[in-house]
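The following report walks through a single protein chain, moving from one helix outward to the whole fold and then to selected residues. Please keep the sequence and the coordinates at hand while reading.

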Amino acid sequence: MENISSNMCFGGWHKQYLHDSAVLGCRMRFAIYLPPQAARGDKVPVLYWLSGLTCTDENFMQKAGAQRIAAELGIAIVAPDTSPRGEGVADDAAYDLGQGAGFYLNATQAPWNRHYRMYDYVSRELPALIEAHFPVSQRRAIAGHSMGGHGALICALKRPQDYVSVSAFSPIANPLNVPWGQKAFAAYLGEDRQQWLEWDACHLLEQATQLPPMRVDIGLADGFLAEQLKPETLENAARVGGHALQLHRHPGYDHSYYFIASFIEEQLRFHAGHLAG
């Protein structure tokens, strides 16, 4: 790994690294916030944060204001990039497909299947790398925003044994039935909708027999709410599956990082209660 930046923050350290990903077949960048407890030699739990369309590892770390609370609670935060990148990695001119829009799944269709295996990267390769090189424990939580909220939900639903809790801001809850998801799934997975079910949080939630505690926050002034996010479908899937879901609706808030910054403390304290176990 190559350390490309280091900044002290609330007594801990925010760092960026480059590394060669065997899963994605390209060079990848991630950010990690190590709270002050890690510098004292404690092995701290980790929250993995998955960002949304067009984002990188920097958006959450620079805009959410999460480090102050993470420092207090003794939680490391890891923020990967949102897709494979670089020369030779397939791309598209649109913002919602290709680089910056990996959708946290494993693509099966050419040319995407050569590099776009973000699910394996964020759920397997990256945690193994983090646990091998940093003073962290194996207690993990996962969270994300929009496309990353979709990613966090499917990671926790497909591998519930790996996460003590999951949360999301404004997740694409039912990609099978919304334009963002349909476009990405058709490109990455092909036209067989049976294959899409494996990456749809609502379907997985209806079928789940085990899942970690789950919290979702949505802004009721979010311009994407009705067409792209459909939180009511997630609520119904939880009801059908007989699962508890904390769904918090916030009047006046939109899809932006102003919304995330307003409620990130509540989400971090939610995770802390489970990570401490």
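In helix H4, the buried residues are Met118, Tyr119, Asp120, Tyr121, Val122, Ser123, Glu125, Leu126, Pro127, Leu129, Ile130 and Glu131. The model in which this is seen is a predicted one. H4 is thus mostly covered, with 12 of its 16 residues buried. The cover over these buried residues includes strand S2 (12-21), strand S3 (26-34), strand S4 (44-50) and S5, together with strand S6 (136-145) and helix H5 (147-158). The helix also bends, by about 35° at leucine 126, and a proline, proline 127, follows within four residues.

**The chain as a whole**

The chain holds 11 helices and nine strands. Its radius of gyration is 17 Å, close to the 19 Å that the globule rule gives for 277 residues, so the chain is as compact as a globular protein of that length. Taken along the principal axes, the C-alpha atoms fill a box of roughly 50 × 45 × 35 Å. Of the 277 residues, 60% count as buried, and of the contacts with a separation of 6 or more, 71% are accounted for by residues 24 or more positions apart.

**The annotated site**

Which residues does the UniProt annotation "active site" cover? According to that unreviewed entry, they are Ser146, Asp222 and His255. Although these residues are spread over 110 residues of sequence, they cluster in space, and the largest C-alpha distance among them is 11.0 Å.

Aspartate 222 sits in the loop between strand S8 (214-219) and helix H9 (225-229), and with a relative accessible area of 6% it is buried. Beyond its neighbours within four places in sequence, aspartate 222 is in contact with Ser170, Leu229, Tyr253, Asp254 and His255.

Histidine 255 belongs to the loop between strand S9 (246-250) and helix H11 (257-275). Histidine 255 is likewise buried, its relative accessible area being 13%. Its contacts, with neighbours up to four places away left aside, are His145, Ser146, Ser170, Asp222, Phe224 and Leu229, a list that includes both of the other annotated residues. With serine 146 there is in addition a polar contact between the two side chains, at 3.0 Å.

**Threonine 82**

Threonine 82 is found in the loop between strand S5 (76-80) and helix H4 (118-133), and it is buried, with a relative accessible area of 0%. Its side chain reaches the backbone oxygen of cysteine 55 at 2.6 Å, and makes a polar contact with the side chain of arginine 85 at 3.5 Å. Leaving aside neighbours within four places in sequence, the residues in contact with threonine 82 are Ser51, Gly52, Cys55, Gly100, Ala101, Gly102, Tyr104, Met118 and Met147.

**Cysteines**

How many disulfides does the count come to? The count is zero. A disulfide is a covalent bond between the sulfur atoms of two cysteines. For cysteine 26, which is in no disulfide, the nearest cysteine sulfur is that of cysteine 155, 17 Å away. The sulfur of cysteine 155 is itself 16 Å from the closest cysteine sulfur, in cysteine 202, and because this is too far for a bond, cysteine 155 is not joined to that residue. Both cysteine 26 and cysteine 155 appear in the table below, which sets out the buried residues discussed here with their relative accessible areas.

| Residue | Relative accessible area |
|---|---|
| Cysteine 26 | 11% |
| Threonine 82 | 0% |
| Cysteine 155 | 0% |
| Aspartate 222 | 6% |
| Histidine 255 | 13% |

**Two further residues**

Proline 36 is placed in helix H1 (residues 36-39). Proline 36 and glycine 74 are 38 residues apart in sequence, while their C-alpha atoms are 7.3 Å apart in space. With neighbours within four places in sequence left aside, proline 36 is in contact with Phe10, Gly11, Gly12 and Ala71.

Arginine 193 lies in helix H7 (residues 193-196) and is partly exposed, with a relative accessible area of 42%. Arginine 193 and serine 165 are 28 residues apart in sequence and 29 Å apart in space, C-alpha to C-alpha. Not counting residues up to four places away in sequence, arginine 193 touches Leu176, Asn177 and Gln182.

Definitions and conventions
Residues numbered from 1 in each chain as written. Predicted model: local features only at pLDDT ≥ 70, side-chain atom pairs only at ≥ 80, totals over all residues. Heavy atoms only, no water. UniProt positions renumbered as here; feature names shortened; annotations may be inferred. Helix = DSSP H or I, 4+ residues; strand = E, 2+ residues; numbered from the N terminus. Buried < 20%, exposed > 50% of the residue type's maximum accessible area, 1.4 Å probe, protein only. Contact = heavy atoms within 4.5 Å. Polar contact = N/O pair within 3.5 Å; in protein donor to acceptor, adjacent residues only side chain to side chain. Disulfide = S-S within 2.5 Å. Bend = angle between axes of the 7 residues up to and from the residue. Rg over C-alpha atoms; globule rule 2.2 N^0.38 Å.
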